[in-house]
Amino acid sequence: MDLRSLPVVSALSDCVTIVEKDAVKIVRVMHDKASAGIALHGGHVVSFQPAGQEDLIWMSDTAIFDGKAALRGGIPICWPWFGRIAAPAHGFARNSTWQLIEHRENDNGVIVELGLDSSEESLRIWPHLFSIRLIVEVTEQLKVSLKVDNIDQQPWTFSGALHTYLNVGDIKQAKVTGMGSEYIDSLQNDDVIQGGQELVLSDTIDRVYTQPESDILIQDPVLQRTLTITNHGHNCAVLWNPWLEGAQSMGDMPDNGYETFLCVESTLHAPSIEQGKTLHPGETYQLETIISA
Ligand code: TA6
């Protein structure tokens with residue numbers, strides 16, 4: 001996503017500026033090592049472009065920046081649940097307004113920290129006190145960490161994902177390795193299936209891989225690069241592409257949008273909220289993804 005042409009709201013430092021796209025404020029990072037954008041709506045990374053590279057992150061050309069809808073593309077923060085196990089789908093964090101907590105920079109890059117705390121609005125949807133932080137490190141690589149704190153008097157359970165849309169030159173030529181061999185297929189009644197090691201997509205896919213390797217690789221012959229995705233704090237990795245029919249059914253994705261992205265998601269998966277990860281009062285949990293080319 002091109003952030004350079006967006007109107008500036010305020011300049012915070014040599015490298016960090018607040019810009020605006022329609023109703024959404026975006027923290028824009030411009031550093032010698034890389035540029036990036038993190039929207040306050042959703043705590044949503046919308047761009048990460050190391051110097052001399054195409055963007056690693058895909059954003060839909062028809063994404064809606066009205067400050068209400070979840071942004072299509074980027075890195076949606078799915079929390080406090082992943083999927084459609086409750087409403088709204090993928091939790092409320094991606095539809096909430098986050099606060100900029102701090103930003104720091106040195107020769108290696110910039111760190112931006114955003115926060116979202118429980119509020120009257122969140123308590124109406126999910127009755128628990130929480131404090132979450134999104135720490136985005138923009139260097140030659142992108143590191144996104146979601147730090148979850150239980151500040152309640154009671155334990156609660158959660159799931160979630162960093163639902164990254166990765167930019168590829170041509171989905172039909174991109175080769176994915178490292179997803180592991182076992183997956184739950186959301187397109188086949190959640191059947192557990194044993195699959196191959198190397199994937200080149202030719203149709204829609206929506207799979208929860210239960211034993212991913214420590215590095216997932218996407219070889220992209222068109223953009224002539226290999227993306228490496230390293231996740232931490234996850235229990236599986238989700239692979240998703242809606243293909244033509246799926247793209248046509250979405251109001252915020254061009255029909256051909258599916259041709260140039262692939263979602264590889266650092267996911268803490270659970271079949272229900274109750275079966276999610278338990279966090280006791282005072283405990284912290286971290287979900288992370290590191291992306292490089
Ligand atoms: O992570 C894969 C998935 O859960 C798919 O089932 C697909 O629906 C996708 O996320 C996008 O969901 P969204 O609610 O953003 O349209």
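## Exercises on the ligand site and the empty spaces

The residues around the ligand in this predicted model are R72, F82, R84, H90, R94, H163, D206, V238, W240 and E265.

**Exercise 1.** Determine how the shell around the ligand divides by class, and which side chains place a polar atom beside an oxygen atom of the ligand.

*Solution.* Step 1: begin with the shell. R72, R84, R94, D206 and E265 are among the residues around the ligand, and by class the shell has 5 charged residues. Another 3 are nonpolar and 2 are polar.

Step 2: examine the contacts, for which a pair of N or O atoms must lie within 3.5 Å. The side chain of R84 has an N or O atom 2.8 Å from an oxygen atom of the ligand. For H163, the corresponding distance from a side-chain N or O atom to a ligand oxygen is 3.0 Å. In E265, a polar side-chain atom lies 2.7 Å from an oxygen atom of the ligand.

Step 3: consider the cover. On its own the ligand has 390 Å² of accessible area, and the protein covers 83% of this.

**Exercise 2.** Identify the pocket whose space the ligand takes, and describe its lining.

*Solution.* Step 1: the ligand takes the space of the largest pocket. This pocket holds about 580 Å³ of space.

Step 2: 27 residues line the largest pocket, and those closest to its centre are F82, G83, R84, H90 and D206. Of these, F82, R84, H90 and D206 also appear among the residues around the ligand.

Step 3: strand 18 (205–209) and strand 21 (236–241) each contribute at least two residues to this lining. By class, the lining comprises 15 nonpolar, 5 polar and 7 charged residues.

**Exercise 3.** Describe the second largest pocket by its volume, its central residues and the classes in its lining.

*Solution.* Step 1: the volume of the second largest pocket is about 270 Å³. Step 2: it is lined by 15 residues, with M1, W58, M59, S60 and D61 closest to its centre. Step 3: the lining divides into 7 nonpolar, 5 polar and 3 charged residues.

**Exercise 4.** State how many cavities of 30 Å³ or more the structure holds, and characterise the lining of the largest cavity.

*Solution.* Step 1: there is 1 cavity of 30 Å³ or more. The largest cavity has a volume of about 40 Å³.

Step 2: the lining of the largest cavity consists of W79, L146, V148, F158, S159, G160, A161, L268, Y285 and L287. At least two lining residues come from each of strand 10 (142–150), strand 12 (160–162) and strand 24 (284–292).

Step 3: by class, 8 of the lining residues are nonpolar, 2 are polar and none is charged.

**Exercise 5.** Locate the cis peptide bonds at P80 and P88, and the residue N189 with its positive phi.

*Solution.* Step 1: recall the usual pattern. Most peptide bonds are trans, and most residues other than glycine have a negative phi.

Step 2: the bond from W79 to P80 is cis, with omega near 5°. W79 is also one of the residues lining the largest cavity. P80 is placed in the loop between strand 6 (77–78) and strand 7 (99–106).

Step 3: the bond from A87 to P88 is likewise cis, with omega near 0°. P88 too is found in the loop between strand 6 and strand 7.

Step 4: N189 has a positive phi, near 55°. The position of N189 is in the loop between strand 15 (182–185) and strand 16 (191–194).

Technical notes. Residues are numbered from 1 along each chain as its sequence is written. This is a predicted model: local features need pLDDT of at least 70, side-chain atom pairs count only at pLDDT 80 or more; totals for chains, interfaces and linings use all residues. Side-chain values use heavy atoms; hydrogens and water are left out. A residue is near a molecule or strand if one of its heavy atoms lies within 4 Å of it. A polar contact is a pair of N or O atoms within 3.5 Å; within protein, one must be able to donate a hydrogen and the other to accept it, and residues adjacent in sequence count only if both atoms are side-chain atoms. Accessible areas come from the Shrake-Rupley method with a 1.4 Å probe; for residues, only the protein chains shown count as cover. On a 1 Å grid over the protein atoms alone, a cavity is a set of points where a 1.4 Å probe fits but cannot get out, and a pocket is an open set with protein on both sides within 12 Å along at least five of seven lines; lining residues have an atom within 4 Å of a point. A molecule sits in a cavity or pocket if more than half of its atoms lie within 2 Å of its grid points. Ala, Val, Leu, Ile, Met, Phe, Trp, Tyr, Cys and Pro count as nonpolar, Asp, Glu, Lys and Arg as charged, and the others, Gly among them, as polar. Grid points are joined across faces, edges and corners, and a volume is the space filled by probe spheres set on the points. Helices (H or I, at least four residues) and strands (E, at least two) are DSSP runs, numbered from the N terminus.
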